[in-house]
Amino acid sequence: MKHNSEQWTSKIGFILAAAGSAIGLGAIWKLPYVAGTSGGGAFFLIFILFTLFLGLPLLLAEFTIGRYTKKEAISAYREIAPGTYWNWIGKLGVVTSFLLLSFYSVVGGWVVIYLFRSLTVNIQVMETNDFGQMFSDTISNPFLAITAQFIFLALTILVVQGGIQKGIERSSKIMMPILFVFFTLIVIRSLTLDNSIEGIRFFLLPDFSSLTGETTLFAIGQAFFSLSLGVSIMVTYSSYLKSEESLVKSATSIVSLTIFISLLAGLAIFPAVFSFGMEPSEGPPLVFIVLPAVFSSIPLGNVFFFLFMTLLLFATLTSAFSLLEMVVASITKNEGEKRRKTTVITGIFIFIMGIPSALSFGYLSDTLFFGNTFFDALDYLVSNIMLPMGALFISLFTPRYLSKSTLFAELRKGSRVKLYVLQIWYVLLKYVTPVAIIIAFLHVVGII
Ligand code: PHE
């Protein structure tokens, strides 16, 4: 068996890189605005339940496949189930990552622009309405949107071409701790604003009357999206992990960090929103309009604005690294010489694919696909169809092709996890996860 030449240097490096993939726009941008429009605390609570009972089991499955084969995703499925079509799970993951990064980088570009503005614009002299204007000017200007997307992708390419250790691991080890520290500062600031208790109440006290079938589905999708599941990225990432490291400990650390950051995001945003009498149901512009408006009226607002945009950029970049790595690894199959060239070429294709998404808020805002802009249609396809479909296939594949004893042995390496815990995991993965995803799909197409 040909082993990977690339490896994480340490478990903490792997955890930070994988947590970096997980923590991103999902936790910091999508969760607060979806929670803001779908019942606050109740949504957050079911999101956590799905993360623990569907997300964690699936994460462990992806980890086991990757570390057991020590191969990038497509080759991993091929090795476990030779001569079958199951390696299409890996191919689906590559296409999904490619498409996802094409529009993820558009939002990444907005973050780049806002970070730049935090250094050049004095937000303290701006009026509340100016922030709405600033956001629509940003996203509708084709030149600005495309240039910023390009810069974001160039940063991603630069890191990923450095490889696993010198590129992704090294930058994650710098960016993730800074993200945690900056986030803590912002939360402290937000919680010490007048009337912050309103926001905390909204975010943490569940009001189940506002939960519908639709929002429950959102929460499942959100749990997968937030942990980067269903794309087999975690298969590829764990293939670079040494055999003596515990997968169970790594997975629980990553899930805890992701939930923790989601909590911090809510605690940073909602108290600020309520304290200034704004609406939590602003939708997607919550972090780009409401938050800067809040910062503009507090002392040292520009500094907090800068801290927030820096942490958002780091969160977005570390997710982008994993998306690009997924595509690159599937092409290079870890032949080191090919990495640089492949990364640049793949990155350029992703940039081109992303242009219609970048233009969806300006030039192409009236060009609709299934009633949505290109950006929204692609987001829907990827987040609500391709991602859960990948997750479903992985949950069907794993117990079918890897025996219980093989799975348990892999999960026990470096770990003293109890047998009954593994048994519960197996049941959650084999039965609960696929049933939940199928119910969600049937609901979407209107059958139940
Ligand atoms: N988890 C990332 C986020 O929340 C998004 C992502 C999804 C990344 C799937 C990779 C794969 O921003």
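Helix H4, which runs over residues 73-80, is mostly tucked under cover, with six of its eight residues buried. The buried ones are Ala 73, Ile 74, Ser 75, Ala 76, Tyr 77 and Ile 80. What do these buried residues pack against? Their partners are helix H3 (41-69), helix H5 (88-120), helix H11 (233-238), helix H14 (301-332) and helix H16 (374-401). All of this is read from a predicted model, so a word on confidence comes next.

The chain averages a pLDDT of 89, and 97% of the residues score at least 70. Confidence does vary from place to place: helix H7 (residues 142-160) comes out highest, with a mean of 96, while helix H13 (residues 290-296) comes out lowest, with a mean of 83.

Stepping back to the whole chain, the count is 18 helices and zero strands. Along its principal axes, the C-alpha trace spans about 65 × 50 × 45 Å. How does the radius of gyration fit with a compact globule? A compact globule of 448 residues would have a radius of gyration near 22 Å, and the chain has 21 Å, so the two agree. Buried residues account for 61% of the 448. Contacts also reach far along the sequence: of those between residues at least 6 apart, 83% join residues at least 24 apart.

As for the outside, the accessible surface adds up to about 17200 Å², and carbon and sulfur atoms supply 68% of that. The chain carries 28 positive and 23 negative charges, and the mean positions of the two sets sit 17 Å apart.

Two residues in the helices that H4 packs against are worth a closer look. Thr 316 is part of helix H14. Is Thr 316 buried or exposed? Its relative accessibility is 0%, and anything under 20% is called buried, so Thr 316 counts as buried. Setting aside residues up to four places away in sequence, Thr 316 touches Leu 25, Tyr 104, Gly 108, Val 111 and Phe 152. Thr 316 is also an example of how folding brings distant parts of a chain together: Gly 24 is 292 residues away in sequence, yet the two C-alpha atoms are 4.9 Å apart in space.

Leu 52, in helix H3, has another setting. Leu 52 is partly exposed because its relative accessible area is 35%, which falls between the 20% cut-off for buried and the 50% cut-off for exposed. Leaving out neighbours within four places in sequence, Leu 52 is in contact with Pro 57, Val 255 and Ile 259. Ala 223 is 171 residues from Leu 52 in sequence, and their C-alpha atoms are 8.8 Å apart.

Finally, there is the loop between helix H10 (213-226) and H11, which is where Ser 228 is found. Most residues other than glycine have a negative phi. What is the phi of Ser 228? The value is near 55°, which is positive even though the residue is not glycine. Ser 228 counts as buried because its relative accessible area is 10%. The loop between H10 and H11 also holds Ser 232, whose phi is positive too, near 65°. At 0% relative accessibility, Ser 232 is therefore buried as well.

Conventions
Residues are numbered from 1 along each chain as its sequence is written. This is a predicted model: local features need pLDDT of at least 70, side-chain atom pairs count only at pLDDT 80 or more; totals for chains, interfaces and linings use all residues. Side-chain values use heavy atoms; hydrogens and water are left out. Helices (H or I, at least four residues) and strands (E, at least two) are DSSP runs, numbered from the N terminus. The radius of gyration is taken over C-alpha atoms; the globule rule is 2.2 Å times the number of residues to the power 0.38. Buried means under 20% relative accessible area, exposed over 50%, partly exposed in between (1.4 Å probe, protein chains only). Contact means heavy atoms within 4.5 Å. Accessible areas come from the Shrake-Rupley method with a 1.4 Å probe; for residues, only the protein chains shown count as cover. Lys and Arg count as positive and Asp and Glu as negative; His and the chain ends are not counted. The place of a charge is taken as NZ of Lys, CZ of Arg, CG of Asp or CD of Glu. pLDDT is the predictor's confidence in each residue, from 0 to 100.
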